[in-house]
Amino acid sequence: MYKFFVAIGFLFLINPAFSQRSHRLSESSSIKFDSSSFVAQKQYLNNLSASDYQKKEFKQKNISIPYRLLSPSNLKSTKKYPLVVTLHNSTRIGNDNEKQLEPLSRIWLKPDIRKNFQAFVLAPQFETRSTDYVFDQVKNVQVSKLNANLPIIIDLIEQLKKELNIDENRIYLIGYSMGGSSVQNLLSLSPGTFAAMISIAGIPDFSSTNALQSKPIWLIHGAKDNENPFNGSEALFNELKHDKKIRFSTFANLDHNTINYPLLNTDELPKWLFQWKK
């Protein structure tokens, strides 16, 4: 029954007739939350071996960034591959180089996704918050402000581009909660670096909206989110709605902790990212 509801929910979200106008209208889903199915989803992902995620560390400006790096399963030296940067939420802060492998980073370990979406996947870990939130009196919403440890990810990407066969036209961002805010900060900081971004339950960054008007951006938020309020994504979508590549998916029955429920058992996230090139 769970798979039926997920399929129906995403069929609505990706209906071609609807997506023709999705750059001007938000997409909504009334999918119901199933706690037992969500637990099973996360348990399946947590049981996948993460041994292929190599443990590495990047140091710069007196800041150390532990990170995990997943390589394509059938790596060929003559081929260039996309790079997916996945950023964790605030509950995964630390320096153990383990906790940042939350469900969104683990979907890339699923056999079907590893086979069909060959890519390098970068999962850094922050010892302190990568993004903080302040209230914008003018826009009447919380906004995200990057911290000093976040821009170092741009330098890490530049190093990886020198070391690995990365397709520089296909570098993608995805994150949830604090990570969903931080991917917005990175895109605003260096829009020329990235081909597309997915921000899930993030706090918006309005600092470079003029530079983002032609970027592929997918905002995903639960209407019942009281932790990172839904109205922030709504305000950012309204500011960018003339961007024909923006997409805003809202889930009427989901909150901050349940928003990933319909996203983990499909390939819609990688499928959407991989269609874009700079």
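Which element gives the most to the lining of the second largest pocket? Keep that in mind as you start the tour. Note that this is a predicted model.

**Stop 1: the second largest pocket**

Select Phe 38, Lys 42, Pro 103, Tyr 176 and Asn 260. Of the 15 residues that line the second largest pocket, these are the closest to its centre. The pocket has a volume of about 180 Å³.

Now colour helix H3 (35–47) and helix H4 (103–106). Each supplies at least two residues of this lining. H3 gives the most, with three residues, and that settles the opening question. Next, colour the lining by class. You should find six nonpolar, six polar and three charged residues.

**Stop 2: the largest cavity**

Move on to the cavities. How many cavities of 30 Å³ or more are there? The count comes to two.

For the largest cavity, select Leu 70, Ser 71, Pro 72 and Ser 73, then add Trp 108, Ile 113 and Arg 114. Finish with Phe 117, Gln 118, Ala 119 and Val 121. These residues line a space with a volume of about 50 Å³. By class, the lining has seven nonpolar, three polar and one charged residues.

**Stop 3: the second largest cavity**

Select Gln 184, Leu 187, Ser 188, Met 197 and Asp 205. Add Leu 212, Ile 217, Leu 236 and Leu 240 to complete the lining of the second largest cavity. Two elements give two or more residues to this lining: helix H7 (178–189) and helix H8 (230–240). The largest share, three residues, comes from H7. The volume here is about 40 Å³. In this lining, six residues are nonpolar, two are polar and one is charged.

**Stop 4: from the cavity to the sheet**

Keep Met 197 and Ile 217 selected. Both line the second largest cavity. Met 197 also stands opposite Ile 217 in strand S10. Now show strand S9 (residues 196–200) beside S10 (residues 217–222). In which sense do S9 and S10 pair? They are parallel, over four bridges. Strands of a sheet pair through backbone hydrogen bonds.

Turn H7 back on. H7 lies across strand S4 (81–87), strand S8 (166–176), S9 and S10. Its direction is about 145° to S8.

**Stop 5: the whole sheet**

Zoom out and show the strands. The open sheet has nine strands, with mixed pairing. Trace them in order: S1-S11-S10-S9-S8-S4-S5-S3-S2. Which strands are the edges? Strand S1 (27–29) and strand S2 (53–60) each pair on one side only. Rotate the view to follow the twist, which averages 20° from one strand to the next.

Technical notes. Residues are numbered from 1 along each chain as its sequence is written. This is a predicted model: local features need pLDDT of at least 70, side-chain atom pairs count only at pLDDT 80 or more; totals for chains, interfaces and linings use all residues. Side-chain values use heavy atoms; hydrogens and water are left out. On a 1 Å grid over the protein atoms alone, a cavity is a set of points where a 1.4 Å probe fits but cannot get out, and a pocket is an open set with protein on both sides within 12 Å along at least five of seven lines; lining residues have an atom within 4 Å of a point. Grid points are joined across faces, edges and corners, and a volume is the space filled by probe spheres set on the points. Ala, Val, Leu, Ile, Met, Phe, Trp, Tyr, Cys and Pro count as nonpolar, Asp, Glu, Lys and Arg as charged, and the others, Gly among them, as polar. Two strands pair if DSSP finds at least two bridges between them. Axes are lines fitted to C-alpha atoms, for helices over the stretch in contact, and angles run from 0 to 180 degrees between N-to-C directions. Contact means heavy atoms within 4.5 Å.
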